[in-house]
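Biologist: Could you take me through one part of this model slowly, strand by strand? I'd like a close look at a single spot and then how it sits in the rest of the chain.

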Amino acid sequence: MSNNPPKMTASHVDVSYGTNHAIRDVSIDVYREDVTAFIGPSGCGKSTFLRSLNRMNDTIPTARVSGDIRLDGEDIYAREMDVVQLRARVGMVFQKPNPFPKSIYENVAYGPKIHGLAQSKGELDRIVERSLTRAGLWNEVKDRLSDPGTALSGGQQQRLCIARAIAVDPEVILMDEPCSALDPVATARIEELIHDLRGRYAIVIVTHNMQQAARVSQRTAFFHLGQLIEYGDTSDIFTNPRQERTKDYITGRYG
Ligand SMILES: Nc1ncnc2c1ncn2[C@@H]1O[C@H](COP(=O)(O)OP(=O)(O)OP(=O)(O)O)[C@@H](O)[C@H]1O
């Protein structure tokens, strides 16, 4: 772990859906050098908190977010923040792979096109190739770039979604249970990929799978009933948790 300043800081964040208070007073720092895992029992608010980091909760009419969340010191909830730009800087990969109903090439090229990242077709081609290569998919798709993204296997589709996030040169990638719809082989590929991407992007992953959190992350945050109970080095959380509730969860006493 490094002593560099955090990439993102969240301070005293609360999130409610109508009268349901889903996240209470959560403060956390996320570092570029590390993969950060969010763990905790179902309904504890992991996804809700994750979505507050790139304002995806804005798309849910009843959701209200308060507190302070910053990206490189910049308030992401400030009035002048461009949310489209923010979501390119803080990309997201969802539980179920969701490629656009377009070609493999277009899935990756779409973001760079709308953000004006390529001045020519050649440049766009290079971005597509680089993104697919980083997502560990290039060799499997380089001869079929015009096939529909939806024709790929589930694991390939998820790597395509990761390539799509990478294509706009994000600083942070949020992954909400990215392997929950995948078989063990496809899951292992995604875990390897997370390992390869570490350091280039700050990665935050929500996972139900504690072994996965232990394998892929350097920092782990344990949530329970909307609160952040404990946050620290992954090895400490799993071998030497300070809080009784963390210990109970990681030893399988509930959840
Ligand atoms: N779109 C939504 N509208 C209303 N309430 C929601 C919405 N999404 C989540 N909630 C509520 O917020 C609380 C936290 O849910 P959230 O999905 O964030 O938890 P989670 O820890 O990610 O759960 P899981 O592990 O089951 O995905 C729950 O009470 C849930 O019902």
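Modeller: Let's start with strand 3 (residues 35-39) and strand 9, which run parallel and are joined by four bridges. Strands here are DSSP runs of E of at least two residues, helices are runs of H or I of at least four, and both are numbered from the N terminus. Two strands pair if DSSP finds at least two bridges between them. This is a predicted model, so to speak of local features we need pLDDT of at least 70, side-chain atom pairs count only at pLDDT 80 or more, and totals for chains, interfaces and linings use all residues. Residue numbers start from 1 along each chain as its sequence is written.

Within that parallel pair, T36 stands opposite R219 of strand 9. R219 has a partner in strand 10 too, namely D233. Strand 10 (residues 227-233) runs antiparallel to strand 9, with six bridges joining them. The two form a hairpin with two residues between them, and L225 in the turn has a positive phi of about 50°.

Now for the surroundings of strand 9 (residues 219-224): six of its six residues are buried, so the strand is largely enclosed by the rest of the structure. Buried means 20 or more other C-beta atoms within 10 Å of the residue's own, exposed means 12 or fewer, and partly exposed is in between, with C-beta atoms placed from the backbone. Both faces are covered: R219, A221 and F223 are buried on one side, and T220, F222 and H224 on the other.

Two of those residues turn up again around F38. Setting aside neighbours within four places in sequence, F38 is in contact with K46, F49, L50, V204, V206, A221 and F223. Contact here means C-beta atoms, placed from the backbone, within 7 Å of each other.

F38 also belongs to the largest nonpolar core, which has 65 residues; F38, A163, V172, L174, I203, V204 and I205 are those with the most contacts inside it. Such a core is a set of buried Ala, Val, Leu, Ile, Met, Phe, Trp, Tyr and Cys residues joined through C-beta atoms within 7 Å. Helix 6 (residues 154-167) gives the most to this core, with seven residues. In soluble globular proteins, nonpolar side chains tend to be buried together.

Then there's the ligand. 14 residues surround it, and the closest are Y17, A22, S42, S47 and T48; the cut-off is a C-beta atom, placed from the backbone, within 6 Å of the molecule. Strand 2 (20-30) and helix 1 (46-52) each supply at least two residues of that shell, with helix 1 giving the largest share, three residues.

Strand 2 is part of an open sheet as well: four strands in the order 2-1-4-5, with antiparallel pairing. Strand 2 and strand 5 (74-75) are the edge strands, each pairing on one side only. Strand 5 is joined to strand 4 (residues 63-71) by two bridges, and R70 stands opposite D75 there.

Zooming out, the protein chain comes to ten helices and ten strands. Its radius of gyration, taken over C-alpha atoms, is 18 Å, close to the 18 Å from the globule rule for 255 residues, so the chain is as compact as a globular protein of that length; the rule is 2.2 Å times the number of residues to the power 0.38. Of the 255 residues, 41% count as buried.

Note on methods:
Two residues are in contact if their C-beta atoms, placed from the backbone, lie within 7 Å.
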